[in-house]
Amino acid sequence: MPNLSTHILDTTRGKPAAEVPVTLYSQSAGHAWTKIGTGITDADGRFRNFFADGQLPGLGKGVYKLHFEVGSYFRSRGVDSLYPFVEIVFNVADPAQHYHIPLLLNPFGYSTYRGS
């Protein structure tokens, strides 16, 4: 079972950020990034299907990043914003655990944490 999910909350609107393109990358030993999976957040601002059928079952130990195309989200709503994209880099120490990486977003700032 895949062990990664994400959720975006637009804190200005107090609502989920739907239709945001998100891409997952893994970092190699040489520090290059390899694309693993991509998708778009649903109406609830969530995405959890980074691993297509037949690919990796989930995250192994290592360094990963989530790339969120937030500029397109704000442009589609006619809102000026500072960030064209947000990248969250995180470490997976225990692949047996679930990693939920939320993004709290507004046009001029963002924060993240490890959720459950």
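Which residues does the UniProt annotation "binding site" cover? Three names: His7, Arg46 and Tyr113. That comes from an unreviewed UniProt entry. And keep in mind that this is a predicted model.

Let's take Arg46. Arg46 sits in strand β5, residues 46–47. Is Arg46 buried, exposed or partly exposed? Its relative accessibility is 26%, so Arg46 counts as partly exposed. Buried would need under 20%, and exposed over 50%. Now its contacts, leaving out residues up to four places away in sequence. Arg46 touches Thr6, His7, Ile40, Thr41 and His100. Note His7 in that list. His7 is also covered by the annotation.

Next, Tyr113. Tyr113 is in the segment after β9, which spans 109–112. Its relative accessible area is 44%, so Tyr113 is partly exposed too. Which residues does Tyr113 contact, beyond its neighbours within four places in sequence? They are His100, Ile101, Pro102 and Leu104. So His100 comes up again: Tyr113 contacts His100, and Arg46 touches His100.

Now the core. The largest nonpolar core has 25 residues. Leu4, Leu24, Leu66, Phe68 and Phe90 have the most contacts inside it. Where do core residues come from? Strands β1 (4–10), β3 (21–27), β6 (62–68), β7 (86–92) and β8 (99–106) each supply at least two. Helix α1 (70–76) also supplies at least two.

Last, look at Leu4. Not counting residues up to four places away in sequence, Leu4 touches Leu24, Leu66 and Phe90, among others. Its contacts also include Arg48, Phe50, Phe51 and Leu59. His98, Tyr99 and Ile101 are on that list as well. Ile101 is a name we met before, as a contact of Tyr113.

Key:
Residues numbered from 1 in each chain as written. Predicted model: local features only at pLDDT ≥ 70, side-chain atom pairs only at ≥ 80, totals over all residues. Heavy atoms only, no water. UniProt positions renumbered as here; feature names shortened; annotations may be inferred. Helix = DSSP H or I, 4+ residues; strand = E, 2+ residues; numbered from the N terminus. Buried < 20%, exposed > 50% of the residue type's maximum accessible area, 1.4 Å probe, protein only. Contact = heavy atoms within 4.5 Å. Core = buried A, V, L, I, M, F, W, Y, C linked by side-chain atoms within 4.5 Å.
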